[in-house]
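Student: I have a model open and want to learn how to read its features. Where do we begin?

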Amino acid sequence: MVREKISKHFSVFKDISFLSVAYMIPTIIGAIFWFYIASLIGVEKYGEITYYLTIAGIVSGITMLGTQNSLTVYAAKGEKLLPVISLITFPISVIGAIVVFFTFFNLGASIHVFSYVIFSLITAEFLGRKFFKSYMKITIIQKLLMVILAIPLYYLLDSNGIIIGIALSFVPFIALYYKEFKTTKINFKILKGKKEFMINNYLLSFTRMFASSIDKIIIVPIFGFGILGNYALGMQFYMVLLIIPNIIYQYVLPQDAAGNPSIVLKKLTILISVGLTVLGIVLSPVIIKWMFPKFEEAVIIVQIISLGIIPGTINLVYISKFLGNLQNKIVLISSGIFLVSIILGMIVLGKLYDVHGIAAAFVLAGAAESIFLLISNKYYDKPKKSNDIV
């Protein structure tokens, strides 16, 4: 009995360790890469690259049809949907890539649309199956490829080379699909009975993707690439501070789907987010003035955005719970609340306080989503109080 408990705790620790490395090392590599690029190319070009990658990300999200979370959830339940979903999403993503090329005439953004779909689907599948070690390897390899390809291509093709290098870093992982197609019989009937969940997931993914991108899209026509460059650097700090909550989210989503809620771990993660918020507010002025003197306007932006760590963490915790229980309608509504809140916030606060108002709108939108999720958790499935996170 004792040995079984020790073995179970060790297994959990090992899985979290793999996920921690899988998220932490790529995020650190990515952060160092983007911080280096920021110091190298300046504010305007940094904003321009962010803009085109955001466009590519939006189109990728549309063409993936919201299948990432569906793959993770159903793979955790032992169902293999990857081959079928790939046959549907790959042709659509190619069409999306062509549209992006002839709309923006940016080759890197066009390649990124298709290559990112390749990478996203296979990682979602590995997470669902709890292949955490394999997931760790491919996420680290992708980020190393990004650095190896993007920096030399910058010196050859200027800022467009960076986008092309990032896009090409996803391409090699298409080789992982060979085994999936070889060992799994393609049967479109497997999707029967899953349509409602998958459609809701598509709406959910699109809403969340659009909500996380709308700020960057709106900033350019109103304020220009320079302001977007400062804002993008602020968001990069936000992503670094959100490393630990995201690691926990990637671990608990398959656990929630399998009916194993990690309540204590989730509470601890929310507590950690408070400390991360303080770190962001206190340390960001020193770091930015020392490392990025060209990005002076980013100081206040980072301090404001750091306040979003707490609601951002709360949202991840509850989204994991509801998705794991196939209650994605609740998450869809919460994402809609975030989207409406950030658009209204940007219109009102952006007009009053410029980019600082947009940063504040991001934080307030996250807080509005948190309030809805907390209320939904209180009233969701009341008889099952043992499953409540708080």
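**Reading the model**

Tutor: Begin with one contact: a polar atom of the Thr50 side chain lies 2.9 Å from the backbone oxygen of Tyr46. Keep in mind that this model is predicted.

Student: Where does Thr50 sit? Is Thr50 buried or exposed?

Tutor: Thr50 belongs to helix H1, residues 2-63. Thr50 has a relative accessible area of 12%. Buried means under 20%, so Thr50 is buried.

Student: How do I check the length of a helix?

Tutor: Compare the expected span with the distance between the end C-alpha atoms. Take helix H3, residues 82-104. At 1.5 Å a residue, its 23 residues should span 33 Å. The end C-alpha atoms are 31 Å apart, which agrees.

Student: Which residues of H3 are buried?

Tutor: Leu82, Pro83, Val84, Ile85 and Ser86 are buried. Thr89, Phe90, Ser93, Gly96, Ala97 and Val100 are buried too.

Student: What happens just after H3?

Tutor: Phe105 takes a positive phi there, about 50°. Phe105 is a residue other than glycine. Its place is the loop between H3 and helix H4 (107-128). With 63% relative accessibility, Phe105 counts as exposed.

Student: Which residue in the loop between H5 and H6 should I look at?

Tutor: Look at Asp158, in the loop that joins H5 to helix H6 (159-168). Asp158 is not a glycine, yet has a positive phi of about 65°. At 33% relative accessibility, Asp158 counts as partly exposed.

Student: How do I find the side on which a helix is buried?

Tutor: Start with the periodicity. An α-helix has 3.6 residues a turn, so residues three or four places apart point the same way. Now take helix H12, residues 298-306. Its buried residues are Ala298, Val299, Ile301, Val302, Ile305 and Ser306. They cover an arc of only 165° around the axis, which puts them on the same side of H12.

Student: How do I read a pair of residues far apart along the chain?

Tutor: Look at C-alpha distances. Lys133 and Val21 are 112 residues apart along the chain, and their C-alpha atoms are separated by 9.3 Å. Lys133 lies in helix H5, residues 132-157. With a relative accessible area of 45%, Lys133 is partly exposed.

Student: And empty space?

Tutor: Rolling a probe the size of a water molecule over the atoms shows where empty space is left. This structure holds two cavities of 30 Å³ or more. The second largest cavity has about 40 Å³ of space.

Student: Which residues line the second largest cavity?

Tutor: The lining is made of Pro245, Ile248, Tyr249, Val252, Lys266, Thr269, Thr313, Leu316 and Val317. By class that gives six nonpolar, two polar and one charged. Helices H10 (243-257), H11 (263-291) and H13 (309-324) each supply at least two lining residues. H10 gives the largest share, four residues.

Student: What is the volume of the largest pocket?

Tutor: The largest pocket has a volume of about 320 Å³. It is lined by 15 residues, of which Phe237, Val240, Leu241, Leu283 and Ile287 are the closest to its centre. The elements giving two or more residues to this lining are helix H9 (225-241), H10 and H11.

Student: Which helix gives the largest share of that lining?

Tutor: H11 does, with seven residues. The classes in the lining of the largest pocket are 13 nonpolar, two polar and no charged residues.

Key
Residues are numbered from 1 along each chain as its sequence is written. This is a predicted model: local features need pLDDT of at least 70, side-chain atom pairs count only at pLDDT 80 or more; totals for chains, interfaces and linings use all residues. Side-chain values use heavy atoms; hydrogens and water are left out. The expected span of a helix is 1.5 Å times one less than its number of residues. Buried means under 20% relative accessible area, exposed over 50%, partly exposed in between (1.4 Å probe, protein chains only). The arc is that of the directions from the helix axis to the C-beta atoms. On a 1 Å grid over the protein atoms alone, a cavity is a set of points where a 1.4 Å probe fits but cannot get out, and a pocket is an open set with protein on both sides within 12 Å along at least five of seven lines; lining residues have an atom within 4 Å of a point. Grid points are joined across faces, edges and corners, and a volume is the space filled by probe spheres set on the points. Ala, Val, Leu, Ile, Met, Phe, Trp, Tyr, Cys and Pro count as nonpolar, Asp, Glu, Lys and Arg as charged, and the others, Gly among them, as polar. A polar contact is a pair of N or O atoms within 3.5 Å; within protein, one must be able to donate a hydrogen and the other to accept it, and residues adjacent in sequence count only if both atoms are side-chain atoms.
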